[in-house]
Amino acid sequence: MDKKIVHDARDCFEPYNLFDGKAALYKYRANYSNECIEYLCKKYRITSSSTIADIGGGTGILSKQFHDYSGCQIILVEPNMEMISEAKSQINDNYAKIICSTAEETQIPDSSTDLIVVGTAFHWFEMNKFREECIRIGKKPVQVALLRLYNFVPDINADNSSDYHSIDSEAHRAKGFFDNDNMTHKLFFHDEVFDEHRFVGERLSDHNAPNKLDEGYDKFVSDAKKAFAYFKAPIINNVFITSCMDGDIE
């Protein structure tokens, strides 16, 4: 039976340049929930003989977590050359193949992946074309997991209810991608320790944050330090949510 192909307003949008200057800052970002990684590896029987495609893989944060847990082989696909260079310095080419390409044209061979994962990048993809690409590169049945990381720490500038709204919006879009009633949606909470340096670096890693030579950089850093000072502690435990939407698409 033919599956519905969902068209998306993001079609023809290429945001790769938004991440220029950010690759070196990704080391300050949080990991995904280890509990979520374990859940997916057990559910899809990922072992050292499995191959996972990490699409929009950035500097390899998610790839490394999957390999560290299961010993699996990784194919990381990322369109930004700075991210690619950083990924090559972070993950071992004994278990990872890194491809500079897009989610819609990955260059991965047909029917070659046991699980396709996306870490906080699905919102950038052209959904129609990415779905077709997943069907091409995945072993049948094609198994996909869409992960999104949310920061849930109380903040002078944040309303935590907005996180849940974003989670619901992402899940609604994901249901259109899977086009069936079999999508599983789970939330995994975990803490990570941040000092001021990591806190500021993590904020600077956002695509909307100014780079060092940009106008407004000094004010952005100053504001980030003031936000950290709000907690009146040398370190804070940031609470993160890994939103995991997974299932078969064929």
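## A tour from strand β2 to the surface patch

Start with strands β2 (residues 73-78) and β3 (residues 96-100): the two run parallel and are joined by 5 bridges. Bear in mind that this is a predicted model. To see one pairing, select Glu78, whose bridge partner in β3 is Cys100. Now follow the chain from β2 to β3. The path goes through helix α3 (residues 81-90), and this β-α-β crossover is right-handed.

**Helix α3**

Stay on α3 and colour it by burial. Select Met83, Ile84 and Ala87; these are the buried residues of the helix. They span an arc of only 100° around the axis, so they sit on the same side of α3. Which residues are exposed on the other side of α3? Select Met81, Lys88 and Ser89 to find them.

**Helix α2**

Next, go to helix α2 (residues 61-70) and show Lys64 and Asp68 as sticks; both lie in this helix, 4 residues apart, about one turn. An α-helix has 3.6 residues a turn, so residues three or four places apart point the same way. The side chains of Lys64 and Asp68 meet in a salt bridge, with 3.0 Å from N to O. How open is each partner to the surface? Lys64 has a relative accessible area of 36%, so it counts as partly exposed. Asp68 reaches 52% and is exposed, because the cut-off for that class is over 50%.

**Helix α4**

Move on to helix α4 (residues 127-137). Is this helix enclosed or open? Of its 11 residues, 8 are buried, so α4 is largely enclosed by the rest of the structure. Select Met127, Asn128, Phe130, Arg131, Glu133, Cys134, Ile135 and Ile137 to display the buried set. Charged residues are among them, including Arg131 and Glu133.

Keep Glu133 selected and add Arg136. Both lie in α4, 3 residues apart, about one turn of the helix. They form a salt bridge, and the closest N and O atoms are 2.7 Å apart. Glu133 is at 8% relative accessibility and counts as buried, because buried means under 20%. Arg136 is partly exposed, with a relative accessible area of 28%. Now bring in Asp110. Asp110, Glu133 and Arg136 are linked in a network of salt bridges.

Then select Lys129 and Glu126. Their side chains meet in a salt bridge at 3.5 Å, N to O. Check the accessibility of each partner. Glu126 is buried, at 9% relative accessibility. Lys129 is partly exposed, at 43%. The structure holds 10 salt bridges, and the pairs visited here are among them.

**The surface patch**

For the last stop, switch to a surface view. Select Tyr164, Leu187 and Phe189. What do these residues form on the surface? They make up a nonpolar patch, with about 260 Å² of accessible area together. Zoom in on Phe189, which lies in strand β6 (residues 184-195). Phe189 has 40% relative accessibility, so it counts as partly exposed. In a regular strand the side chains alternate between the two faces of the sheet. With β6 on screen, step along residues 184-195 and look at where Phe189 sits.

How values were computed. Residues numbered from 1 in each chain as written. Predicted model: local features only at pLDDT ≥ 70, side-chain atom pairs only at ≥ 80, totals over all residues. Heavy atoms only, no water. Pairing = 2+ DSSP bridges. Right-handed = clockwise from strand over helix to strand, strands pointing away. Patch = residues over 30% accessible without salt bridge, like charges linked within 9 Å, V, L, I, M, F, W, Y side chains within 5 Å. Areas by Shrake-Rupley, 256 points an atom, 1.4 Å probe, with all protein chains shown as cover. Salt bridge = Lys/Arg side-chain N within 4 Å of Asp/Glu carboxyl O. Buried < 20%, exposed > 50% of the residue type's maximum accessible area, 1.4 Å probe, protein only. Arc of directions from axis to C-beta.
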